[in-house]
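Please open the structure in a viewer and keep the selection tool at hand. The tour below proceeds stop by stop, stating at each one what to select and what is found there.

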Amino acid sequence: MFKYSVLQRMTFTAMMFALYVIATRFIMVPVTNYVRLSAGIAILIFSSILLGPISGALVGAGGDLVGALLVPYMGLTINPFMTLSYGLMGATPGFIMLLFRHFKNKNKIYSVLFFSLLLVIFVSLTVYMSISESVTLFEHEFKINLIGRIVAPIIAFIILGLLALFTYFLNQRFKKKREIYPKLPSPYQISFIVVIIEVVFTLFINIFAKMWIMEVPDFSVIFFPSLFLAFIYIPLNTIIVSYLCLLSVKIIKVRE
């Protein structure tokens with residue numbers, strides 16, 4: 001989180017608010033009836049890292065309220081539970097940055113946390129696939145046989161391994177840039193935050209909210225398309241937020 005004057009913070013919060021509404025309501029691609037692809041999460045994470053948890057919460061909650069009024073999704077207007085969820089989602093990145101700001105070797109801590117999260121995801125997926133009879137992906141149900149129980153963890157391991165390698169090389173690429181701009185968050189920091197957002201909010205809190213609001217009978221109808229998109233979102237949002245942070249420290253005067 002960077003330090004700005006009150007006027008700068010208000011101006012940047014308003015800009016992030018407008019960008020978030022545009023990204024989530026006007027520039028998005030519906031994947032299924034319940035899942036959309038947009039740059040909204042990247043903008044929300046960036047605004048919270050840039051301006052802190054309060055501004056991030058305002059962008060998330062306020063953007064959901066205004067967006068629901070302007071462009072209702074599937075006929076749904078304002079829902080307090082979803083608004084609260086997006087407010088918490090917006091506050092989380094800034095809160096994490098504040099929580100670890102006084103730690104030494106922050107980059108090493110974030111790298112360990114990031115790789116630990118990937119391991120937890122792999123183990124959870126392996127256990128889930130071993131006990132489930134079927135999964136629903138893009139409105140089609142697929143039965144899980146013995147081959148599927150063997151192949152699915154291998155595919156998950158490969159995908160998560162590629163994510164780990166991607167983040168490692170992106171972090172190496174940003175090393176010299178972070179020497180020039182010490183306040184620049186590392187890709188490990190951003191990847192850890194992105195994974196937390198995807199797992200806690202996109203894959204659980206928001207899914208249960210949608211199931212309740214839209215009366216979706218089966219958890220997997222939303223979960224597996226969201227999981228599929230999460231593997232796209234993690235590297236994509238890490239790149240977007242990393243370069244937005246780099247751009248911000250280059251063109252915006254940061255107070256010590």
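**First stop: a pair of helices**

Select residues 53-70, which form helix α3, and residues 80-99, which form helix α4; in this predicted model the two helices pack at an angle of about 160°, with their axes 7 Å apart. Helix α3 is therefore roughly antiparallel to α4, since an angle over 145 degrees counts as such. The crossing in which α3 passes α4 is right-handed.

Next, display the side chains at the contact between these helices. From α3, select Pro53, Gly56, Ala57, Gly60, Ala61, Asp64 and Leu65. From α4, select Met82, Thr83, Tyr86, Gly87, Gly90, Ala91, Gly94, Phe95 and Leu98. Of the residues that make up this contact, nine are nonpolar, six are polar and one is charged.

**Second stop: Ser48**

Move now to helix α2, residues 40-51, and select Ser48 within it. Is Ser48 buried or exposed? Its relative accessible area is 0%, so Ser48 is buried. Leaving aside residues up to four places away in sequence, Ser48 touches Pro53, Gly56, Gly90, Ala91, Pro93 and Gly94. Among these, Pro53 and Gly56 belong to the α3 side of the helix contact visited above, and Gly90, Ala91 and Gly94 belong to the α4 side.

Which backbone atom lies 2.7 Å from a polar atom of the side chain of Ser48? The atom to select is the backbone nitrogen of Gly94. A further distance may be displayed from Ser48 to Val59: these residues are 11 apart along the chain, and their C-alpha atoms are separated by 8.5 Å.

**Third stop: Thr238**

Select residues 219-251, helix α8, and then Thr238 inside that helix. Thr238 has 0% relative accessibility and therefore counts as buried. Show the side chain of Ser191 as well: a polar contact of 3.3 Å joins it to the side chain of Thr238. To view the surroundings of Thr238, select Phe166, Leu170, Pro187, Ile190, Ser191, Val194 and Tyr233; Thr238 touches each of these, residues up to four places away in sequence not being counted.

**Last stop: the whole protein**

Finally, clear the selection and colour the protein by secondary structure. The protein has eight helices and four strands. Followed from the N terminus, the elements run α-β-β-α-α-α-α-β-β-α-α-α. The protein comprises 256 residues, of which 49% count as buried. Among contacts with a separation of 6 or more, 73% are between residues 24 or more positions apart.

Terms used. Residues are numbered from 1 along each chain as its sequence is written. This is a predicted model: local features need pLDDT of at least 70, side-chain atom pairs count only at pLDDT 80 or more; totals for chains, interfaces and linings use all residues. Side-chain values use heavy atoms; hydrogens and water are left out. Axes are lines fitted to C-alpha atoms, for helices over the stretch in contact, and angles run from 0 to 180 degrees between N-to-C directions. Angles under 35 degrees count as roughly parallel, over 145 as roughly antiparallel, 65 to 115 as roughly perpendicular and the rest as oblique. A crossing is left-handed if the near helix is turned anticlockwise from the far one by less than a right angle, and right-handed if clockwise. Contact means heavy atoms within 4.5 Å. Ala, Val, Leu, Ile, Met, Phe, Trp, Tyr, Cys and Pro count as nonpolar, Asp, Glu, Lys and Arg as charged, and the others, Gly among them, as polar. Buried means under 20% relative accessible area, exposed over 50%, partly exposed in between (1.4 Å probe, protein chains only). A polar contact is a pair of N or O atoms within 3.5 Å; within protein, one must be able to donate a hydrogen and the other to accept it, and residues adjacent in sequence count only if both atoms are side-chain atoms.
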